[in-house]
Amino acid sequence: MTSNTRVVVIGAGLAGVRLARRLGELGTPALLIGEEEHRPYNRVLLAEVLAGRYSPEVIALPAPAELTRARVTGIDRAAREVRCADGSVIAYDTLVLATGSNPVLPPLRGLFTPDHELPEGVHAFRTMDDCLGLSKAVRPGVRAVVIGGGLLGVSAARALAVRGAQVVLAQQSERLMERQLDPAASRLVHRHLGDLGVEVHTECRVRDVRCVGGAVRSVEMADGYALDADLVVLACGAHPRVGLARAAGLEIRKGVVVDDELRTSDPHIHAVGDCAQHDGTLYGLAAPAFEQADVLARLLAGDAHARYTGTRSLTRLTLTGDGSPFDLAAFGETEARPGDDVVQLTDATRGTYRKVVVRDDRLVGGVLVGELGTVGALARAWEGAEPLPSDGGPLLHLLTNDGGS
Ligand SMILES: Cc1cc2nc3c(=O)[nH]c(=O)nc-3n(C[C@H](O)[C@H](O)[C@H](O)COP(=O)(O)OP(=O)(O)OC[C@H]3O[C@@H](n4cnc5c(N)ncnc54)[C@H](O)[C@@H]3O)c2cc1C
């Protein structure tokens, strides 16, 4: 790869913008194509915009040098060109897919109007437009139902409650944020949302969305119970956006399959971020998207040794209400298997909870709620995957000493 080939990046989200910026710094400018009308922004902070804590300008990303606003509708691999919705055609030597994810739209009766649109009052929560639409609709006293109790649903429920909405969160499984948290930490998040006035229903499956005149009026549960709703937020996860790659005949499993050089099954096309599947893993998180973008920038700028070997990524969430912020961090496996060592410290009065799981002298996971002083030291021990000293003492030390972080 020489540095004067034309690199075209599809998608001006976290991964695409990071890649374009890094390439610029390394003297290999790229053309970035993004379909969203807004200046590129940090998607992770959308809930803070919805909560009214930040304005949209505050979460804008440093503008990349060459940004074309267009939606790419097709890739011609033989001609090495991409086609855009406005009819333009852009040639590439190297193409990078950074197309991110689409929100999962759950199979609910009544979710779409006859024109295949979401009814008025029903919103996904993925883009700045979703966020501004929700922000416009939320007023004190508005009845909002959030469907989904993962990271996204918890963030949306908290933000709407902070704006004065009466929020019900409907979670299909038995607890909140089950992908990241163990049961004790889930209970603390549940309690915290309750303190903010959010009514949390677990093991609660929404079946129907009821509309009058094209606008949502209520949602109905599987057990027939109906909840009045002026606003419904769909927070049921995301799936990689692979339509372009599939139509171009690239290898897809759940995401676009990439190797350690982030190359797809076509050596001229790479993929990074939420749309990419590396070594069987779909991350759907910001830290791996950044790491992949950084590695690919080095590769495309001529560092033949750069490789991506996976990311050990920590999930962090801050829930700020009227009172003090409620922080949590989780990484790796937060539930122990038989034979694992577990150290756990709970302070019910302060609402703090800390736990680490150790297997064969290695830290394999942990969760911290309300007290994050040790998170830096723990993350380093986890990321390094080095054996822990075997006398047992350091485990408690890891939980109680902030290690200068
Ligand atoms: C509300 C919310 C909160 C989140 N919170 C966290 C968090 O706390 N921690 C965390 O790690 N992660 C979080 N995430 C996930 C994180 O935002 C994603 O992992 C990250 O944005 C992935 O970056 P990406 O560049 O791959 O995709 P995206 O940021 O989604 O960007 C993809 C871009 O590509 C554009 N695009 C797609 N197809 C085309 C096309 N054909 N033509 C032109 N443009 C196209 C899209 O419009 C989009 O702008 C959150 C996500 C959301 C929605």
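**Exercises on a predicted model with a bound ligand**

Of the 30 residues around the ligand, Ala15, Glu35, Glu36, Arg126 and Asp274 come nearest, where a residue is near a molecule if one of its heavy atoms lies within 4 Å of it. The structure is a predicted model, in which local features need pLDDT of at least 70 and side-chain atom pairs count only at pLDDT 80 or more, while totals for chains, interfaces and linings use all residues. Residues are numbered from 1 along each chain as its sequence is written, and side-chain values use heavy atoms, with hydrogens and water left out.

**Exercise 1. Characterise the shell around the ligand and its polar contacts.**

*Solution.*

Step 1. By class, the shell has 15 nonpolar, seven polar and eight charged residues. Here Ala, Val, Leu, Ile, Met, Phe, Trp, Tyr, Cys and Pro count as nonpolar, Asp, Glu, Lys and Arg as charged, and the others, Gly among them, as polar.

Step 2. At least two shell residues come from each of helix H1 (14–25), strand E2 (30–34) and helix H4 (151–162). Helices (H or I, at least four residues) and strands (E, at least two) are DSSP runs numbered from the N terminus.

Step 3. Domain 1 (7–102 + 239–300) and domain 2 (105–236) each provide at least three residues of the shell; the domain bounds come from an automatic or database domain assignment.

Step 4. A nitrogen atom of the ligand lies 3.0 Å from a backbone N or O atom of Val72. For Asp274, an N or O atom of the side chain is 2.8 Å from an oxygen atom of the ligand. A polar backbone atom of Ala286 is likewise 2.8 Å from an oxygen atom of the ligand. On its own, the ligand has 990 Å² of accessible area, of which the protein covers 93%; such areas come from the Shrake-Rupley method with a 1.4 Å probe, and for residues only the protein chains shown count as cover.

**Exercise 2. Describe the surroundings of Asp208.**

*Solution.*

Step 1. Asp208 belongs to strand E13 (residues 206–212).

Step 2. Is Asp208 buried or exposed? Its relative accessible area is 5%, so Asp208 is buried. Buried means under 20% relative accessible area, exposed over 50%, and partly exposed in between (1.4 Å probe, protein chains only).

Step 3. The side chains of Asp208 and Arg109 are joined by a polar contact of 2.8 Å, and a polar contact of 3.2 Å links the side chains of Asp208 and Arg210. A polar contact is a pair of N or O atoms within 3.5 Å; within protein, one must be able to donate a hydrogen and the other to accept it, and residues adjacent in sequence count only if both atoms are side-chain atoms.

Step 4. With neighbours within four places in sequence set aside, Asp208 is in contact (heavy atoms within 4.5 Å) with Arg109, Ser218, Val219 and Glu220.

**Exercise 3. Examine the domain arrangement and helix H8.**

*Solution.*

Step 1. The protein is divided into domain 1 (7–102 + 239–300), domain 2 (105–236) and domain 3 (324–400). The C-alpha centres of domain 2 and domain 3 are 31 Å apart, and their contact takes 12 residues from domain 2 and 12 residues from domain 3.

Step 2. Helix H8 (residues 375–384) is largely enclosed by the rest of the structure, because seven of its 10 residues are buried. Among them are Leu378 and Trp382.

Step 3. Ala385, which follows H8, has a positive phi near 50°.
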